Amino acid sequence: MLSASASFKSITRENGAEVNKLTDSDDGDSGIQVLPTPKAKRLGQTGGFEAPVFACLDDEQDGGNTELEDSDGDSLPDPANASQAILNHNRHKSVSCAASPLSTPHVRRSASTTSVSIPCVKRKSTRDIPHFDDGDDAHSSPKKKRAKKDPVQARLEKEAKARSKQASAEEKKRNKAEAVQRKKLEKAEEKERKDAERAKEKESKVLNKLVSSRNDTLKDMTIEFTPALLQNPSPLLNAIPKIRARILEENKEANATISSPITTFHPEPPLANILNLVRWKRRIVSKYDDNEKEWKPVEEAYDRIEGSWLLYWTLKDLASQVQNPGTEQISKSLAALRAHLGSRYQLFLLIDHSGNQWSKLSQDVRNQVEAHLVTLQVEHNCFVIRAQDSEDLVRRFFDLTADLGFKPHKLIERSHLAFCSKIKKSDAIGINGSAKIYHRMLQQIYRVTDPIADNITKDTCPTLRSLLEAYEQPQMTARRRDNLLVGVEMGNNRKVGSAISSRIAAVFTGEDSLSLVGK
């Protein structure tokens, strides 16, 4: 083994070449001739070193035999092991030699001497010495090579990734489009909702607008005649075009909710044999809500037959039936109507005097006609209306139509009583000031006339306090309260009935200021 005290010695060979010989101070001449590298020659750095550095040994003579022998016959160490030993040694001991890049030494060996060419390395710290890995380390594990993928499988995976990426992009795009569409729909729905609310508010304002004129209700009314009245010659047949023109003239909105103000209808049994009937039909677009005290629109407009019917006869036909009792048809027709409709319906008997027919009758016939009409009124609870000529006939039908149309609004109007609207400040001054106010209060109630108010304030309840105390008596029931003023004189030998008495009680004892009391 080479010791750390080995050094180079310059000798001259037989052929005159000067070489450096590696010597060991412990064993003498090692027999190994070391040739310096060309760079060492050029730099002239052949100084001694403390330990040789071997990278590998190249045995030219033995043909690659890696085992070397020194001059004493001892085997030299394996070059790889020697290199590793030298590196391990240099980690603990610095090497002092001329600076030279680390290169592979060349070893020449003859029979007697062996020449080794090794470079000189400059002193380096242990961290600068590179690690040599010859691949023979038993402890080192070989690197694992990644197996090659099948080209077809790789292509399929690539295509699958591309499809997945495209599907994700399309889904993202679709979700974005759906979000935009949903937002548009929400905005449209919100706009429709607000528009509907505004339209509903506007409609409610229109419906609850105070109807002060009966002509404003003509747009919802229709007059229905039996076909016979529109076919058989009569004064009414000639007046129908004028009636239609009058309705359209008084209210220009008459065609807003109805197709025509005049139509025909066919009575059902047992009224099928009555050929001269007239009735009214109303177009319902709203209904009055008693709880909220306002008109509410209905979901779908519909037609409603009013509770008033009319029977038309000419004076000539009436006189003929009076003179011939066996041919009398008016009483039979009224009896059939009353039996079919009931007592709550209004029946009108219109007698047409057109053509100056009244003057053509004798006094005796006139008296018979008057007597017969009174009998019909009493027996069938009907109202008799007379039309003197064609113009009067048009006016009668127009008034009936307008009054029936205005009836529900008039009922509400009567319930909103004006409190002493005509009283003066001077009337409230003095001893009888409170009595005058009390008297005017009673007169504001529908159908309470001045004689009725006088009799209540003079005899029954002289003061408002006394009237309220009478209503608040412990034994006073609802029925007795409604009939408290029944029997009070109202003039012309007539007395207050239950309708007026209950109306007065509702005004002074009711808690709902908007309740309907004008019935």
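Is alanine 335 buried, partly exposed or exposed? Alanine 335 is partly exposed, because its relative accessible area is 35% (buried is under 20%, exposed over 50% and partly exposed in between, with a 1.4 Å probe and protein chains only). The residue lies in helix α6, and its C-alpha atom is separated by 8.6 Å from that of glutamate 379, 44 residues apart along the chain.

Before going further, a word on the model. This is a predicted model, in which local features need pLDDT of at least 70 and side-chain atom pairs count only at pLDDT 80 or more, while totals for chains, interfaces and linings use all residues. Residues are numbered from 1 along each chain as its sequence is written, and side-chain values use heavy atoms, with hydrogens and water left out.

Now the overall picture. The protein has 519 residues, and 34% of them are buried. Its secondary structure comes to 13 helices and 13 strands (DSSP runs numbered from the N terminus: helices are H or I with at least four residues, strands are E with at least two). Of the contacts with a separation of 6 or more, 64% are between residues 24 or more positions apart; a contact means heavy atoms within 4.5 Å.

How far can you trust the coordinates? The mean pLDDT is 76, and 66% of the residues reach 70 or more (pLDDT is the predictor's confidence in each residue, from 0 to 100). Among the elements, strand β10 has the highest mean, 95, and strand β4 (residues 106-109) the lowest, 44. Two stretches deserve some care: pLDDT stays under 50 over residues 43-76, which have 87 contacts beyond four places in sequence, and also over residues 92-122, which have 108 such contacts. Where pLDDT is low, the predicted coordinates should not be read in detail.

Let's move on to helix α7. Helix α7 runs over residues 363-380, 18 in total, and reaches 26 Å from its first C-alpha to its last, close to the 26 Å expected at 1.5 Å a residue (the expected span is 1.5 Å times one less than the number of residues). Its buried residues are Val365, Arg366, Val369, His372, Leu373, Leu376 and His380. They sit on the same side of α7, because they cover an arc of only 125 degrees around the axis (the arc is that of the directions from the helix axis to the C-beta atoms). What do they pack against? Their partners are α5 (315-323), α6 (330-341), β10 and β11.

Just after α7 comes asparagine 381, with a positive phi of about 50 degrees. This residue is in the loop between α7 and β11, and it counts as partly exposed because its relative accessibility is 48%. Arginine 447 likewise has a positive phi, about 70 degrees, although it is not a glycine. Arginine 447 is found in the loop between α9 and α10 and counts as exposed, at 53% relative accessibility.

That loop leads to helix α10 (residues 450-460), where Ile452, Ala453, Ile456 and Thr457 are buried. These residues line one face of the helix, because they fall within an arc of 125 degrees seen down the axis of α10. Lys458 and Asp459, on the other side, are exposed. The buried residues of α10 pack against α9 (433-443), β12 (489-491) and α13 (498-509).

Next, the rings. The whole structure holds 4 aromatic pairs (rings of Phe, Tyr and Trp, the last by its six-membered ring, pair if their centres lie within 6.5 Å; planes under 30 degrees apart count as stacked, over 60 as edge-to-face and the rest as tilted). One of them joins phenylalanine 265 and tryptophan 309 edge-to-face, 6.0 Å centre to centre with 80 degrees between the planes. This pair links distant parts of the chain, 44 residues apart: phenylalanine 265 is in the loop between β7 (262-264) and β8 (277-289), and tryptophan 309 in strand β9 (residues 294-314). Both residues are buried.

Phenylalanine 348 and phenylalanine 383 form a tilted pair, at 5.7 Å centre to centre and 35 degrees between the planes. Phenylalanine 348 lies in strand β10 (residues 346-352) and phenylalanine 383 in strand β11 (residues 383-387), so the pair ties together parts that are 35 residues apart in sequence. Phenylalanine 348 is buried, at 10% relative accessible area, whereas phenylalanine 383 is partly exposed, at 43%.
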